[in-house]
Protein chains: 2
Amino acid sequence: MEASTILIAELADKARRAGRTLTTATSSERKGALLSIATELENNVSKILESNAQDMVRAKTADMHPQMQDRLLLTAERVSSMADGVRQVAELPDPLGRVLRESTLPNGLHLKQVSVPFGVVGMVYEARPNVTVDAGVLLLMSGNAALLRGSSSASSSNQVLVTVMKEALAKTKISPEVIQLVPSEDRESVRALLHARGKVDLVIPRGSASLIRMVVDESTVPTIETGAGVCHVYVDEFADFDIALPIIINSKTHRPSVCNAAETLLVHRTIADSFLPQALKALDGAGVILHVDAKVQEIAKSIGVNTSLATDENWCTEYGILEMNVGVVDGVDSAIDHIAKNGTNHTEAIVTQSQENADRFIALSDCAAVMVNASTRFTDGEQMGFGAEIGISNQKLHARGPMGLEAMTTTTWIVTGTGQIRR
Amino acid sequence: MEASTILIAELADKARRAGRTLTTATSSERKGALLSIATELENNVSKILESNAQDMVRAKTADMHPQMQDRLLLTAERVSSMADGVRQVAELPDPLGRVLRESTLPNGLHLKQVSVPFGVVGMVYEARPNVTVDAGVLLLMSGNAALLRGSSSASSSNQVLVTVMKEALAKTKISPEVIQLVPSEDRESVRALLHARGKVDLVIPRGSASLIRMVVDESTVPTIETGAGVCHVYVDEFADFDIALPIIINSKTHRPSVCNAAETLLVHRTIADSFLPQALKALDGAGVILHVDAKVQEIAKSIGVNTSLATDENWCTEYGILEMNVGVVDGVDSAIDHIAKNGTNHTEAIVTQSQENADRFIALSDCAAVMVNASTRFTDGEQMGFGAEIGISNQKLHARGPMGLEAMTTTTWIVTGTGQIRR
């Protein structure tokens, strides 16, 4: 622990000092650095693939899950698509120096609140080498120095990618030391990073729910929680069924593994008999396993659709696969009660033609995004037009919902006077 | 611990449910509730003073520090000024429902990011009964339910103030249960509050540095750190001395006990001999005890001003009284090095006529507010025109610098469609 603490402090201090070359760099100098990184990635494909091959050998020996092996694997095509991603970030609007508020006080003081970098940002992530580049350039573009802590199973890949990025920076005015790779041999380096309060300004976890949980629980450095999504679609008594059906199917089946997929369908009691038969048939037809309440089961039985009774655990489970809960509720307030008990404050949808019910649902939903007559799948940085997405914040402090580059900035007040003092 | 955890969970659930009457209330209904509270406070002065007298008796028996007794004491005048404060908050612009971003996507989806309440906010504070009302109404106006945990030494006063506020709310459409007083008999209730992640959305500490430290270190609920200010004034080689001198004196002596008071003066080496004699004389004349570096001591000796050599500890001490460190530096970068090592990222001032040096100082200062040719004392919500100030955030996440009502809100995306699904 002791040695890790010292090491992290050293890396953070080095990164912070180097970060000055970033905060004083112009927007075009930062963009230039990104383009230099993109080129350098393309120029070093074989070197990168060689190092990645070493990780792959270890992964196979260790019998890593095939899906994880696929995430670990780099190919010439994947490296080239990484480089393209870097160029896309370079084209985004500069998140720094945005003037958020500005005024001149009666005493002549000029006030300006502008966006500035956090400083030193730590990233903790799993065996996906693309995150090393992705996070590295997003932080660079937002003026932040980066402490990157990936998985030990990707250590050779991460090492070469950081080396290539540093070589690219060496050709610019920005110090290569703004990107630091944190050793991943032991877990002590993660612990030390999470406890480097004062040295590191922010830590962002990227990966599985358990990784995020661990970071949020353990960290004394401020973090941004991303992730868990138990999203609901509530079909109101005043719903247009022709709209409701595709929204349900899309919310559940378009990409079940992601956090903005729906897990639970709630239907107003007065339309249960008219709407549920078609909804259950459609879900069943799409291969969705159904966990339902007693009322829904009754209807399902009458149309020959297989279901099982939902347990308390079912209602608050993020399935990530083709399974869904279906329940009947007595209206907006009853739907909200259910959501408050079982949801994760991510995305909730209402399907209704009643503006009054939509407004009440919006006012009572305590979540990052409310969809009115639209699929839950739209809670997404790219869909919302942000360009790059760092993640979807599931917390209320600082950023909520999809986070673009702007979420990687804080603010400062610049107060300019001519000698004003307080009276 | 177990009992406290259950109690806090119950209070939080009750507050959250009651909070629905707040989130669905209009702006004028919330304002009306505040005005009702103001009236009720004035109508119950004698009852309030009676309860406060019980706290005062205990305080005297316990030999409480006179300054703390003064903070605990309520008078008819103080209650009336509390009520006035409540009316002022009622007049502030509504922090809820502000549209932060809005757009229509090519697929016809309408996106709107609006400000919404956090939900349930905990306040942890010391023996100042005015905070009970102050925090209660600021949270109410920003749509948040409040869990108020004051000091046990103010328990009678807090009890009566919360009762009076609840009686006022009972006359409105807002549920009195949006304000909950957390029992203060033991410290377990604080611990339980700080660990009520998921039940409580945010905890804000108000009070001494040690209270804030305890809350920030202990809490698993998100917090906003307020407080510590080791602020610097850097007098550049291109400073106008006539401006520099009043800024230094004002920053140090106008109200030394507050966080935006300056603790350290840094002077550019090339103007040390010309500027320091007048600066040291002025500070000495104002009764400021001086901790200095060797170069400054030499100059001080030559003009007969008493100083002591500053220790490492001096340079990073928030004195809060008439003591100040004075040192010589080699320029902007050297000043920034000193500040990075010893400062608290609160407020830093530069006095210079060089725009280039001011710009570099701004870019490299990693703080909530940078003053150019102005006193550090201007980092203040009221001075900056925010109206009520909840505190000065000393963190980078969510809010930085003086926090008004807006800082007590988070955001939600409202996405309105006509049946759009992801392709």
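User: In E2(A), which residue does Arg101(A) stand opposite?

Analyst: In this predicted model, Arg101(A) faces Gln113(A) of E2(A).

User: How do E1(A) and E2(A) pair, and over how many bridges?

Analyst: Strand E1 (residues 99-104) and strand E2 (residues 110-117) of chain A are antiparallel, with five bridges between them. The hairpin they form has five residues between the strands, and Gly108(A) there takes a positive phi near 90°.

User: How many of the six residues of E1(A) are buried?

Analyst: The count is zero; E1(A) is hardly covered.

User: Turning to the ten-stranded sheet, what is the strand order?

Analyst: The order is E10(A)-E9(A)-E11(A)-E8(A)-E7(A)-E12(A)-E13(A)-E16(B)-E2(B)-E1(B), in an open sheet with mixed pairing. Its edge strands, each pairing on one side only, are E10 (308-309) of chain A and E1 (99-104) of chain B.

User: Which helix packs on that sheet and touches E11 of chain A?

Analyst: Helix H10 (residues 241-253) of chain A does so. H10 of chain A also touches E7, E8, E12 and E13 of chain A together with E16 of chain B, and its direction makes about 160° with that of E12(A).

User: And which strands does H15 of chain A lie across?

Analyst: Helix H15 (residues 355-364) of chain A lies across E7, E12 and E13 of chain A together with E16 of chain B, and runs at about 160° to E13(A).

User: Are E7 and E8 of chain A parallel or antiparallel?

Analyst: They run parallel and are joined by five bridges. Within this pair, Cys231(A) has Ala262(A) in E8(A) as its bridge partner.

User: Now the two chains: what turn and shift lay chain B on chain A?

Analyst: A turn of 180° with a shift of 0.0 Å along the axis superposes them at an RMSD of 0.0 Å. This is the relation of a two-fold axis. In chain B, the C-alpha nearest the axis belongs to His398(B), at 1.7 Å.

User: Why can one say that the copies meet through the same surface?

Analyst: Because 98% of the interface residues of chain B are also interface residues in chain A.

User: How many residues of each chain are in contact?

Analyst: There are 54 residues of chain B in contact with 54 residues of chain A. On the side of chain B, E16(B) gives the largest share, eleven residues. That side divides into 26 nonpolar, 21 polar and seven charged residues.

User: What does E16 of chain A pair with?

Analyst: Strand E16 (residues 409-420) of chain A runs parallel to E13(B), joined by five bridges. Here Trp413(A) stands opposite Ala369(B).

How values were computed: Residues are numbered from 1 along each chain as its sequence is written. Chains are lettered from A and ligands numbered from 1 in the order in which they are written. This is a predicted model: local features need pLDDT of at least 70, side-chain atom pairs count only at pLDDT 80 or more; totals for chains, interfaces and linings use all residues. A residue is buried if 20 or more other C-beta atoms lie within 10 Å of its own, exposed if 12 or fewer, and partly exposed in between; C-beta atoms are placed from the backbone. Helices (H or I, at least four residues) and strands (E, at least two) are DSSP runs, numbered from the N terminus. Two strands pair if DSSP finds at least two bridges between them. Two residues are in contact if their C-beta atoms, placed from the backbone, lie within 7 Å. Axes are lines fitted to C-alpha atoms, for helices over the stretch in contact, and angles run from 0 to 180 degrees between N-to-C directions. Copies are superposed by least squares on the C-alpha atoms of residues with pLDDT of at least 70 in both. Ala, Val, Leu, Ile, Met, Phe, Trp, Tyr, Cys and Pro count as nonpolar, Asp, Glu, Lys and Arg as charged, and the others, Gly among them, as polar.
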